[in-house]
Amino acid sequence: MAYVATRGGERAIAQAERLYREGLGTIDQGRVAAVAAALPWLVDRVMGEASLYEPELAALALSQTGGDLYETVLLLRAWRTTQPRLTVAEPVTQEALFTHRRISAAFKDIPGGQILGPTLDYAHRLLATGVLDGVPLVPELVERAAKPAPASQPSLAAWQKAEGLVADPPRENVAPQNIPDLTREPLLFPAKRAHTLQSLARADTGGVLALGYSAMRGYGNAHPTVNELRLAEAELRVCHPRGTVFSAGRVRVSQAEVAAKDTSSQIRLGFSATLGWNEVKVISAATLDLNAPGAAKGSPTEEEFFLYHTEPVEASGFCIHFKLPHYVTFQSSLDAMRDARARTAVAAPEPGPQAELADAKIEEPTL
């Protein structure tokens with residue numbers, strides 16, 4: 001009987017997957033290319049949460065899962081574990097980033113100037129229903145600036161430190177190959193700084209937004225102001241085994257610094273960065289980083305709380321596993337309930353004459 005049940009389960013599972021695949025239809029290179037071209041911001045989001053920069057593979061994973069983001073991230077992380085680690089790139093500094101967008105809400109103007117770059121922040125939120133009637137939505141032609149912004153921009157935090165506005169914390173010089181790696185070491189608390197930033201870089205965008213928003217609404221100890229936000233491309237410089245340093249290409253990155261006044265006469269900064277362009281994630285994550293020092297135990301801004309509860313694969317896996325069979329433990333709980341009811345019924349005394357008399361309704365005499 002056990003063998004028959006197992007075989008029946010296998011057939012049901014195979015049929016369930018077949019139904020899912022039939023709903024998606026044929027997946028080919030054309031669909032993958034269309035997803036990559038039509039949804040670049042979504043591709044960036046899943047690359048960040050998967051900690052794997054490969055737009056084509058991200059578009060393939062989105063196509064293969066029908067856009068289920070948690071399944072997409074799981075596919076990419078699983079594939080990532082099968083790949084060899086060839087080398088470690090050199091550190092990337094802010095000044096070396098090829099900057100597309102750089103803004104600050106803390107200052108009207110900043111060294112290097114404000115660069116709006118690609119954004120819908122100032123656009124009207126109007127649904128282009130004309131597309132459904134055959135009218136394509138095309139970019140409007142706008143006269144280009146006579147002088148484009150420089151590709152690289154200075155660090156605003158470095159300028160603030162030179163002005164004495166921000167304390168420059170002591171740094172430990174660690175070789176790139178010796179930086180703690182969250183994918184190879186467990187996350188322990190108090191967390192290493194490298195593990196904190198890596199966890200936030202890989203964190204679920206929605207989860208980080210929810211907890212960061214709670215801090216912004218007053219459940220944290222510091223209200224953030226965006227000190228500097230960047231969308232940029234980082235050049236990957238690696239060392240060849242023969243000793244030559246060369247560029248292996250560029251990856252899109254986001255980074256945010258948020259500021260709040262400290263108890264002293266200086267500004268305290270929170271920081272976050274991730275692969276791909278994802279502004280809401282890095283602003284929210286930097287807000288959590290800003291609020292973590294001194295956060296109350298169990299609060300949404302406590303480091304142990306938000307690092308654990310924004311891990312997308314572990315969180316979604318724990319939630320989804322509740323769909324799997326739990327009838328053994330549930331039936332044991334029902335058995336315990338039935339036993340408790342039976343014991344209560346046996347222990348309850350039978351109602352006697354006095355109890356019946358006490359429960360009887362006494363009618364008032366009529367005059």
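## Helix across the sheet

Contact here means heavy atoms within 4.5 Å. In this predicted model, helix α9, which covers residues 279-291, lies across β1, β2, β3 and β4, and its direction makes an angle of about 140 degrees with that of β4.

## The four-stranded sheet

The strands that α9 lies across form an open sheet of four strands in the order β1-β2-β3-β4, paired in the antiparallel sense. Because β1 (98-103) and β4 (267-275) stand at the edges and each has a single partner strand, one side of each is left without a neighbour in the sheet. On average, and with direction ignored, neighbouring strands of this sheet are turned by 20 degrees against each other.

Within the sheet, β2 spans residues 225-239 and β3 spans residues 245-261, and the two are joined in antiparallel fashion over 13 bridges. One of the residues involved is C239, whose bridge partner in β3 is V245.

## Overall form of the chain

The secondary structure of the protein chain consists of 13 helices and four strands. Its radius of gyration is 29 Å, whereas the globule rule gives 21 Å for 367 residues, and the chain is therefore more spread out than a compact globule. Measured out along its principal axes, the C-alpha trace spans about 100 × 60 × 55 Å.

Of the 367 residues, 30% count as buried, while the accessible surface of the chain comes to about 24300 Å², with 60% of that area belonging to carbon and sulfur atoms. Among contacts in the chain with a separation of 6 or more, 64% are accounted for by residues 24 or more positions apart.

## Nonpolar cores

The largest nonpolar core has 14 residues, and those with the most contacts inside it are V43, V46, A50, A58, A59, L62 and L76. The elements that give two or more residues to this core are the helices α2 (29-38), α3 (40-50), α4 (55-65) and α5 (69-81). For A58, once its neighbours within four places in sequence are left aside, the residues in contact are V43, V46, M47, T72 and L76; of these, V43, V46 and L76 also appear among the core residues with the most contacts.

A second core, separate from the one just described, has twelve residues, and L182, L200, A292 and L307 are among them.

Note on methods: Residues numbered from 1 in each chain as written. Predicted model: local features only at pLDDT ≥ 70, side-chain atom pairs only at ≥ 80, totals over all residues. Heavy atoms only, no water. Pairing = 2+ DSSP bridges. Axes fitted to C-alpha atoms, helices over the stretch in contact; angles between N-to-C directions. Rg over C-alpha atoms; globule rule 2.2 N^0.38 Å. Buried < 20%, exposed > 50% of the residue type's maximum accessible area, 1.4 Å probe, protein only. Areas by Shrake-Rupley, 256 points an atom, 1.4 Å probe, with all protein chains shown as cover. Core = buried A, V, L, I, M, F, W, Y, C linked by side-chain atoms within 4.5 Å.
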